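Me: I would like a close look at a single part of this model, one strand and the strands it pairs with. Please work outwards from there to the turns and then to the whole chain.

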Amino acid sequence: QVLLVESGGGLVQAGGALRLSCVASGSIFEIKTMGWYGQAPGKQRELVAGITSGGITNYADSVRGRFTISRDNAKNTVYLQMNSLKPEDTAVYYCNVYLRRRFESPYSNYWGQGTQVTVSS
């Protein structure tokens, strides 16, 4: 069993900041990548930012320079610092973790329950 618990969403004015957190717990042998996806109303879920176990990051063009993803491997936690927020950043943000539960297990994707971020103009 693997559980992802997200926190940090909320309502903020344009130009403001939020910090999302996601903790992975349970039967985990190795986490390869961690990331955040956003799903705006009526749109598909899209990658916002990702980070490898070695710290290599990638960002959607729309957030590069404003958002920063980081992780604490010892705590199985990934963060998303969101600065200079815009109304178009409004979405449900989902944590995604690519991991294996045992040495002999295949890697699998796990998702958090989602946290709402609303940016008012």
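Which residue in E3 stands opposite Val5?

Reply: Val5 stands opposite Val23 in E3. Some conventions come before the rest. The model is predicted, and local features need pLDDT of at least 70, side-chain atom pairs count only at pLDDT 80 or more, and totals for chains, interfaces and linings use all residues. Residues are numbered from 1 along each chain as its sequence is written, and side-chain values use heavy atoms, with hydrogens and water left out.

Strands (E, at least two residues) and helices (H or I, at least four) are DSSP runs numbered from the N terminus. Two strands pair if DSSP finds at least two bridges between them. Strand E3 covers residues 18-26 and is joined by six bridges to strand E1, residues 2-7, in the antiparallel sense. E3 is also joined to E8, residues 77-82, again antiparallel and again by six bridges. In that second pairing, Arg19 has Gln81 in E8 as its bridge partner.

Cys22 is a useful residue to follow, since its place is in strand E3. Buried means under 20% relative accessible area, exposed means over 50%, and partly exposed is in between (1.4 Å probe, protein chains only). Cys22 has 0% relative accessibility and therefore counts as buried. Contact means heavy atoms within 4.5 Å. Leaving out residues up to four places away in sequence, Cys22 touches Leu4, Val5, Glu6, Trp36, Asn76, Thr77, Val78 and Cys95. Val117 is 95 residues from Cys22 in sequence, and their C-alpha atoms are 14 Å apart in space.

From E8 the pairing continues to E7, with six antiparallel bridges between the two strands. One of the pairs there is Asp72 with Thr77 in E8. In a regular strand the side chains alternate between the two faces of the sheet. Strand E7, residues 67-72, alternates in this way: Phe67, Ile69 and Arg71 point to one face and are buried, whereas Thr68, Ser70 and Asp72 point to the other and are not.

E7 and E8 form a hairpin with four residues between them. Asn76, one of the residues that Cys22 touches, has its place in the loop between E7 and E8. Asn76 has a relative accessible area of 24%, so it is partly exposed. Most residues other than glycine have a negative phi, and most peptide bonds are trans. The phi of Asn76 is positive, near 50 degrees. Ser84, also not a glycine, has a positive phi of about 50 degrees. Ser84 is found in the loop that runs from E8 to strand E9 (91-100). At 41% relative accessibility, Ser84 counts as partly exposed.

Two further hairpins involve E5. Strand E4, residues 30-39, is joined to E5 by six antiparallel bridges, and Thr33 has Thr52 in E5 as its bridge partner. That hairpin has six residues between the strands, and Gly42 takes a positive phi near 75 degrees. E5 in turn pairs with E6 over three antiparallel bridges, where Ile51 stands opposite Thr57 in E6. Here there are four residues between the strands, and Gly55 takes a positive phi near 95 degrees. Gly55 lies in the loop between E5 (46-52) and E6 (57-59). With a relative accessible area of 40%, Gly55 is partly exposed. Ser70 of E7 is 15 residues from Gly55 in sequence, and the two are 7.6 Å apart, C-alpha to C-alpha.

What of the chain as a whole? It has 11 strands and zero helices. The radius of gyration is 14 Å, close to the 14 Å that the globule rule gives for 121 residues, so the chain is as compact as a globular protein of that length. That radius is taken over C-alpha atoms, and the rule is 2.2 Å times the number of residues to the power 0.38. Along the principal axes, the C-alpha atoms fill a box of roughly 50 × 25 × 25 Å. Of the 121 residues, 39% count as buried. Among contacts in the chain with a separation of 6 or more, 55% are between residues 24 or more positions apart.
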